[in-house]
Amino acid sequence: MADSFSHADAPVDLLIIGTGMAGIGLARELRRLGDTRSITLVSVGSADEYSKPLLSTGFGKRLTPEKLAKKSAASVANELDATLWPNTRVVALDGDRRRVTLEDGEYVGFETLVLATGAGPRNAFDIPAGLAERFFSVNDLDDYRRFYTALAPEPARVAVVGAGLVGCEFANDLLVGGHQVTLIAPETTPLPRLLPATLGQALGRAFEAGGIELALGRTVSRIAAGEHDDIVLSLDSDDTHHVDVVLMATGLAPRSALAREAGISVSESGIRVDRTLATSHAGIYALGDAACIDGVNAMYVPPLQASVKALAATLTGQPTRVRLGAWPVVVKTPLLPVVAYPPVAPVAQWRVEGDGDTLTALADDKDGQLVGFALTGEAVKRKVELSRAVPALLG
């Protein structure tokens with residue numbers, strides 16, 4: 001078995017930067033296909049394997065970080081017969097010389113490189129230095145460990161800033177986990193990128209009925225330390241909220257700086273790749289949340305899994321184009337089930353059907369063709385039916 005924690009002297013056959021679902025998934029699929037090349041994975045974190053969707057359901061399920069982790073880095077390396085370097089940062093990439101530079105100054109050469117660097121949180125405002133340790137974002141297992149420690153052992157008052165997918169899922173999960181939750185966001189309804197206003201209002205009502213305090217249509221204007229070892233968040237409405245910790249859920253940005261600084265083509269949506277996941281530089285590929293495939297960046301599990309299979313086939317000698325189906329987003333908000341397939345074309349109108357919390361919203365383009373949908377409550381049972389009627393994300 002390859003050494004798990006030492007740096008190679010000779011170029012490696014395949015270097016994968018990132019050990020999330022994309023990086024580890026690719027290595028596992030290559031081994032499943034019988035690929036025997038040497039594989040080295042580099043992780044800026046612990047590199048323990050975990051299921052990312054569980055991050056936003058862990059508190060409700062009372063999952064400790066140890067229970068959330070599926071395999072240690074050493075176990076992953078053993079299973080994959082791979083070299084794995086945890087807690088190792090890549091600071092530069094030289095595509096022409098086919099090598100990367102590590103934080104300690106060491107160079108690592110490669111024959112083929114896969115950038116599976118994922119996405120990182122967008123910061124919505126400046127955090128006072130003295131309070132920074134009480135502000136969190138949770139995008140991987142190491143983040144979860146830190147946040148879990150901050151909340152233990154007593155129930156905490158948590159402000160969740162951001163009402164998108166991550167913010168709504170964590171707000172619901174933290175509430176189920178016994179914490180007091182306030183959801184703060186500039187948007188006037190939850191999940192504005194997935195739901196038209198009527199359905200967002202239904203989710204908001206369910207949140208309030210469940211016990212989540214909503215401060216929507218509001219931004220944080222001031223952050224200060226309170227008199228009782230708490231944090232005081234002042235909003236532009238002049239309201240104030242006293243909390244113990246703050247979870248920042250203000251969006252994710254693809255981690256593309258390494259590629260951009262190496263002269264590889266990138267956009268705001270990620271590292272530009274073609275349908276075979278090849279970047280603008282020969283022998284370098286991008287995968288997962290960091291990749292923008294023909295203009296599409298879908299930060300969800302099914303597109304990632306499809307990309308893993310396609311790239312593994314390509315790397316084993318069978319060039320394969322990625323195809324992304326009409327896979328709706330299943331939002332983990334038990335207070336009100338939500339399923340949505342964001343429109344893949346400009347929307348001329350939303351047609352909303354139903355009443356109460358059981359609502360169906362159908363998005364039509366200018367020609368009257370169905371291009372997206374959103375469902376709440378009992379209407380989520382229509383997921384399969386409507387998924388068959390809308391165009392694929394990337395056919």
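## Charges in a predicted model

Q: How do you know that Arg28 and Glu79 form a salt bridge?
A: In this predicted model, the closest N and O atoms of Arg28 and Glu79 are 2.7 Å apart. A salt bridge needs a side-chain nitrogen of Lys or Arg within 4 Å of a carboxyl oxygen of Asp or Glu, so the pair counts as one.

Q: What makes this pair a tie between parts of the chain?
A: Arg28 sits in helix H1 (residues 21-32) and Glu79 in helix H3 (residues 73-80), so the salt bridge ties together parts that are 51 residues apart in sequence.

Q: Why is Glu169 called buried?
A: Its relative accessibility is 6%. Buried means under 20%, so Glu169 qualifies.

Q: Which residue does Glu169 meet in a salt bridge, and what does the pair tie together?
A: The partner is Lys332, at 3.2 Å from N to O. Glu169 belongs to helix H5 (residues 165-176) and Lys332 to the loop between strand E23 (329-331) and strand E24 (338-341), so parts 163 residues apart in sequence are tied together.

Q: Why is Lys332 called partly exposed?
A: Lys332 has a relative accessible area of 27%. Partly exposed lies between the 20% and 50% cut-offs, so the label fits Lys332.

Q: How do you know that Arg382 and Glu385 form a salt bridge?
A: Their closest N and O atoms are 2.9 Å apart, and the limit is 4 Å, so the pair counts. Salt bridges with shared partners join Arg382 and Glu385 with Arg351, Glu353 and Asp364 in one network.

Technical notes:
Residues numbered from 1 in each chain as written. Predicted model: local features only at pLDDT ≥ 70, side-chain atom pairs only at ≥ 80, totals over all residues. Heavy atoms only, no water. Helix = DSSP H or I, 4+ residues; strand = E, 2+ residues; numbered from the N terminus. Buried < 20%, exposed > 50% of the residue type's maximum accessible area, 1.4 Å probe, protein only.
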